[in-house]
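Hi,

Here is the structure I promised to pass on. Have a look first, and my notes follow below.

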Amino acid sequence: MTLVRWQPRHSLRTWEPLNNLDSVRDEMNQLFNWAFGNAAGDSLTDTNWVPPVDVIQEGERFRVRIDMPGMRKDEIQITLDGDTLTVRGEKKRESETKQDDYYRAERLYGTFQRSLTLPDHVDSEKIEANYKDGVLDIVIPKTESAKPKQIKIQS
């Protein structure tokens, strides 16, 4: 069950019509999650798990960091097809015992796939990936032509 902070509908503040858009969005999200996602509503296991991704530009390279706690590196696949970098895998349940009574289960499991379109100026032959402490770190260097150049002024 999701906890939602209670806010009074009729407060003493001035009426601001745009403030209600957040609550409309939240209710629409709940409707779509119920209709297309997990109909149970409060169980988060075995859903479409999507690990969070950071894409960082660091001077002469890009860095992609993906949090995947509890996974082994042999459960992760990285492919490059044209300009699309795809990371996919499956986070499996450690063990399933029928005798345990869960009070609350929030850890997510299941297959995932994240695809990122790379810029034209990356060197796809030199992409490196490391996995440590539940974080996948992909380094994508830029091509020589994309690196900034200093131009000297002729007299």
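Start with Ile 138: leaving aside neighbours within four places in sequence, Ile 138 is in contact with Phe 62, Arg 63, Val 64, Ile 78, Leu 85, Val 87, Ile 127, Glu 128 and Ala 129. Do keep in mind that this is a predicted model.

Ile 138 also turns up in the largest nonpolar core, which has 15 residues. Along with Met 68, Val 87, Leu 136 and Ile 140, Ile 138 is listed there as having the most contacts inside the core. Strands E2, E4 (84–91) and E7 each supply at least two of the core's residues. As background, nonpolar side chains tend to be buried together in soluble globular proteins.

Now for the strands. E2 (residues 61–67) and E7 (residues 135–141) run antiparallel and are joined by seven bridges; one pairing to look for is Arg 63 with Val 139 in E7. Both strands belong to an open, antiparallel sheet of four, ordered E1-E2-E7-E6. At its edges sit E1 (53–58) and E6 (128–132), each pairing on one side only. Ignoring direction, neighbouring strands in this sheet are turned by 15 degrees against each other on average.

And the chain as a whole? You'll find one helix and seven strands, in the pattern α-β-β-β-β-β-β-β along the sequence. Of the 155 residues, 21% are buried. The chain exposes about 13,100 Å², with carbon and sulfur atoms supplying 49% of that. Finally, if you take contacts between residues at least 6 apart in sequence, 55% join residues at least 24 apart.

Cheers

Methods. Residues are numbered from 1 along each chain as its sequence is written. This is a predicted model: local features need pLDDT of at least 70, side-chain atom pairs count only at pLDDT 80 or more; totals for chains, interfaces and linings use all residues. Side-chain values use heavy atoms; hydrogens and water are left out. Two strands pair if DSSP finds at least two bridges between them. Axes are lines fitted to C-alpha atoms, for helices over the stretch in contact, and angles run from 0 to 180 degrees between N-to-C directions. A nonpolar core is a set of buried Ala, Val, Leu, Ile, Met, Phe, Trp, Tyr and Cys residues joined through side-chain atoms within 4.5 Å. Buried means under 20% relative accessible area, exposed over 50%, partly exposed in between (1.4 Å probe, protein chains only). Contact means heavy atoms within 4.5 Å. Accessible areas come from the Shrake-Rupley method with a 1.4 Å probe; for residues, only the protein chains shown count as cover.
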